[in-house]
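Subject: Handover of a structure and the findings on it

Dear colleague,

Please find below the structure that I am passing on to you. My notes on it follow directly after, arranged by region.

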Amino acid sequence: MHVTFTTGASVAGDLIGYTTGLLIAVLLLILTLRAAKLPGTPLANIVFTLCALFWCAGGLAYTALLATGAPGENRSALLALAIQYSGAAAFPIPVLAVWRPYAVRAWQKTMARVLQLFAGFTAAAIAILLWSRALTDVALFPFDGVRHFIAYNATLLLVLGAVSLLRRQSTPRAVYLPSLAIAVTAGAASIAYAIVRNSRLSHALDLGFRVVGSHLVLLAAICTFFLFARFRFADVFIRYSVRILLAGAWASAIALAMHSSFLSHVASQARAPAAVHVFAIILVANALLLSFTFVDEQISRMANRLLFRPPDYRAHSRELGNRLGGLQLESEIAVAIEKAARDPLELSGARLIAIDGVPSPQRPAGILEGEIVELDYADPLRALLPLPNVEVLIPVTSAGRVTHLLLISPGPARPGLVTHDLNYLRAVAAQCGNRLDALGREREAIERQGRETLLLQQVTEAELRALRAQINPHFLFNSLNTIADLIVRDAPRAEAMTLRLASVFRHVLQHSSRSLTSIRDEIEFLRTYLYIEEVRFGDRLQVEIDVAPEVAGEPIPALLLQPLVENALKHGLGPKPGPGHLWITARADGDRVLVTVEDDGIGPRSAEAADPPGWLANIADRRTESQHHGMANVAERLRTQYQDRASVKLEPREGGGVSVTVLIPRSEAAKTV
């Protein structure tokens with residue numbers, strides 16, 4: 001029958017050990033279920049986790065029954081023992097399943113099959129013996145014999161499996177080191193239990209070997225879990241399991257101190273033995289608590305270094321930041337990002353692609369919200385990606401949305417990515433997004449500067465044309481001749497015309513550094529300009545101007561309308577015999593301003609000889625034709641200032657003549673009124 005100490009220290013040690021193991025097993029189960037969809041051996045993961053749960057839950061239940069005074073022979077105790085040792089009997093099965101792929105030679109493969117069959121057969125036989133004893137009270141073999149057979153059988157299978165199936169040269173480090181630790185700790189635990197069973201030891205030594213043996217079993221379980229190379233949360237597990245294990249070890253040390261014969265002997269020499277004994281226990285507990293953080297940090301760092309060999313993430317991030325700062329092309333940025341992801345983590349492949357490269361129906365849920373997505377082997381999206389065996393998609397956010405994906409393929413020879421690796425890849429993706437944002441801002445600044453330069457150049461050219469062409473030598477010559485003639489016939493009118501001509505030139509000079517003016521100012525300039533033209537045309541020219549009050553203050557490119565008015569006078573009304581009309585209107589049209597310049601002159605039909613069909617549609621591109629040079633200039637200035645939000649349209653006017661319509665967007669302030 002299963003024999004255990006009934007002393008307080010023994011029961012406390014067992015309770016602490018099994019509770020610690022149960023917490024670690026629950027942690028394993030949670031993380032295993034989270035990682036079950038990833039490539040690897042999820043079935044072996046789950047089998048191993050269930051073995052650990054059975055062992056710890058059954059042992060804790062049995063120890064708790066003994067602690068409450070229940071006899072070790074009752075049905076509940078036997079069921080607890082059957083649960084516990086069924087898990088122990090099946091423990092070698094998932095371990096051998098993980099080792100089997102590393103058997104490369106024929107005799108190794110044969111040995112792997114034999115060991116797995118033997119492990120399955122012995123686990124089934126042991127389970128039958130245990131549960132028949134618990135359910136039917138039929139004891140085919142002594143329980144102690146079954147228990148020790150389980151320990152020796154598991155040790156034999158694990159040692160034989162490690163020696164025959166694994167080779168340092170062909171086994172990845174992440175598999176070889178935990179496997180070696182499993183074989184060593186399992187053997188050491190068996191030796192510790194054999195010493196307890198077959199040797200006459202003092203109470204303290206006996207208890208110490210029991211505690212050491214139980215924690216070696218826990219350590220073997222922890223090392224076993226690292227055999228699963230595709231375990232995503234291995235670093236999280238090691239961090240928390242080390243803390244749980246240390247907490248259990250420290251609690252066991254306190255329990256040992258409470259029942260230490262040395263402390264009891266020292267306390268008995270004092271006047272108040274109980275107080276001295278309690279004070280000594282408090283000192284031991286405080287010392288252990290103070291050392292907990294330091295020991296936890298050191299062990300976690302050592303385990304992390306030995307098992308994961310993490311690169312210097314900060315150094316690689318700084319190096320990537322320095323490299324990205326000098327890159328101007330997206331292709332260069334992609335190469336740098338892929339290299340920064342692939343080389344430090346020793347990945348099989350990394351690729352940066354645009355999000356548009358993944359069809360919308362196949363995009364994983366959450367990827368557009370910036371979540372990392374992990375793909376398993378059955379995901380159909382893997383076949384659509386340009387990189388083989390992709391396991392992880394890292395979103396890259398630029399301009400406030402996910403624009404690219406960083407595809408990660410660890411490869412079969414590399415252990416699975418852990419959370420620290422994913423955090424580094426997330427940081428790489430963030431640097432990529434920041435550089436793309438900065439590159440976009442730089443391009444916008446260059447484009448804006450180019451547009452501003454072009455606008456300034458066009459305004460300057462417009463001003464020069466107003467002085468030279470649009471207020472051209474012909475116009476100036478005619479104006480001066482008219483003034484000279486008026487000086488003889490009508491001196492006051494000649495003086496007024498001279499002042500108007502000076503006003504025209506003054507307006508041009510005042511707007512030399514301004515690209516925009518108000519519609520009100522532009523119309524006032526046109527009135528001055530048309531006054532001079534009315535003197536030349538005499539009674540033949542009649543002008544009507546109608547500007548809606550709500551658009552009078554709207555901004556408009558300076559000197560935009562003068563070329564349109566000049567075209568109407570020169571090509572429409574000038575050649576027309578008899579009187580002519582010119583209409584200039586400005587009104588609101590939704591969120592745009594509509595300005596029209598119309599005349600009832602000769603119209604486009606009279607220009608057919610000089611202008612082939614289609615000139616109305618292509619007016620902005622026919623810059624070489626002098627007749628439409630002003631129109632082309634207006635169209636280009638609108639396109640530069642407003643892109644595709646403004647337009648100019650020239651068409652025949654019903655009743656004769658030509659109508660030119662200009663549409664420009666209203667200012668934000670005007671639209672909110």
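A residue is called exposed when its relative accessible area is over 50%, buried when that area is under 20%, and partly exposed in between. Ala399 has a relative accessibility of 64% and therefore counts as exposed. Please bear in mind that the model is a predicted one, and that the values in this message are computed from it.

The chain as a whole

The chain has 673 residues, of which 47% count as buried. Its secondary structure consists of 20 helices and 11 strands. Where contacts link residues at least 6 apart in sequence, 71% of them join residues at least 24 apart.

Helix 3 and helix 4

Helix 3 spans residues 75-90 and helix 4 spans residues 92-99; their axes are 5 Å apart and enclose an angle of about 20 degrees. An angle under 35 degrees counts as roughly parallel, and helix 3 and helix 4 are therefore roughly parallel to each other. On the side of helix 3, the contact is made by Ala88, Ala89 and Ala90, and on the side of helix 4 by Pro92, Ile93 and Pro94. By class, this contact of helix 3 with helix 4 comprises 6 nonpolar residues, with no polar and no charged ones.

How many of the residues of helix 4 are buried? The count is 6 of 8, so that helix 4 is mostly covered, given that buried means under 20% relative accessible area. The buried residues of helix 4 are Pro92, Pro94, Val95, Leu96, Val98 and Trp99. Pro92 and Pro94 thus appear both among the buried residues and in the contact with helix 3.

Helix 6 and helix 7

Ser164 belongs to helix 6, which covers residues 143-165. With a relative accessibility of 7%, Ser164 counts as buried. A polar atom of the Ser164 side chain lies 2.6 Å from the backbone oxygen of Leu160. Setting aside neighbours within four places in sequence, Ser164 is in contact with Trp107, Gln108, Met111 and Leu115.

Leu180 is located in helix 7, residues 173-198. Its relative accessibility of 44% places Leu180 in the partly exposed class. Leu180 and Ala162 are 18 residues apart along the chain, and their C-alpha atoms are separated by 7.0 Å.

Helix 12, helix 13 and Asp421

Helix 12 (residues 313-324) packs with helix 13 (residues 330-345) at an angle of about 165 degrees, and the two axes are 10 Å apart. Angles over 145 degrees count as roughly antiparallel, and helix 12 and helix 13 are therefore roughly antiparallel to each other. The crossing of helix 12 past helix 13 is right-handed. Helix 12 contributes Tyr313, His316, Leu320, Arg323 and Leu324 to the contact, while helix 13 contributes Ile333, Ala336, Ile337, Ala340, Pro344 and Leu345. These residues divide into 9 nonpolar, 1 polar and 1 charged.

Tyr313, one of the contact residues of helix 12, also has a polar partner: its side chain is joined to that of Asp421 by a polar contact of 2.6 Å. Asp421 lies in helix 14, residues 419-468. Is Asp421 buried or exposed? At 5% relative accessibility, Asp421 counts as buried.

Strands 2 to 4 and the loops between them

Two residues here, neither of them glycine, have a positive phi value. Asn389 has phi near 55 degrees and lies in the loop between strand 2 (373-374) and strand 3 (392-398). Asn389 is partly exposed, with a relative accessible area of 45%. For Ala399, phi is likewise near 55 degrees; Ala399 sits in the loop between strand 3 and strand 4, and is the exposed residue introduced at the start of these notes.

Strand 4 covers residues 401-409 and contains Arg401. Arg401 has a relative accessible area of 53% and is exposed. Arg401 and Leu368 are 33 residues apart in sequence, and the distance between their C-alpha atoms is 7.4 Å.

With kind regards

How values were computed
Residues numbered from 1 in each chain as written. Predicted model: local features only at pLDDT ≥ 70, side-chain atom pairs only at ≥ 80, totals over all residues. Heavy atoms only, no water. Axes fitted to C-alpha atoms, helices over the stretch in contact; angles between N-to-C directions. Helix = DSSP H or I, 4+ residues; strand = E, 2+ residues; numbered from the N terminus. Parallel < 35°, antiparallel > 145°, perpendicular 65-115°, else oblique. Left-handed = near helix turned anticlockwise from the far one by under 90°. Contact = heavy atoms within 4.5 Å. Nonpolar A, V, L, I, M, F, W, Y, C, P; charged D, E, K, R; others polar. Buried < 20%, exposed > 50% of the residue type's maximum accessible area, 1.4 Å probe, protein only. Polar contact = N/O pair within 3.5 Å; in protein donor to acceptor, adjacent residues only side chain to side chain.
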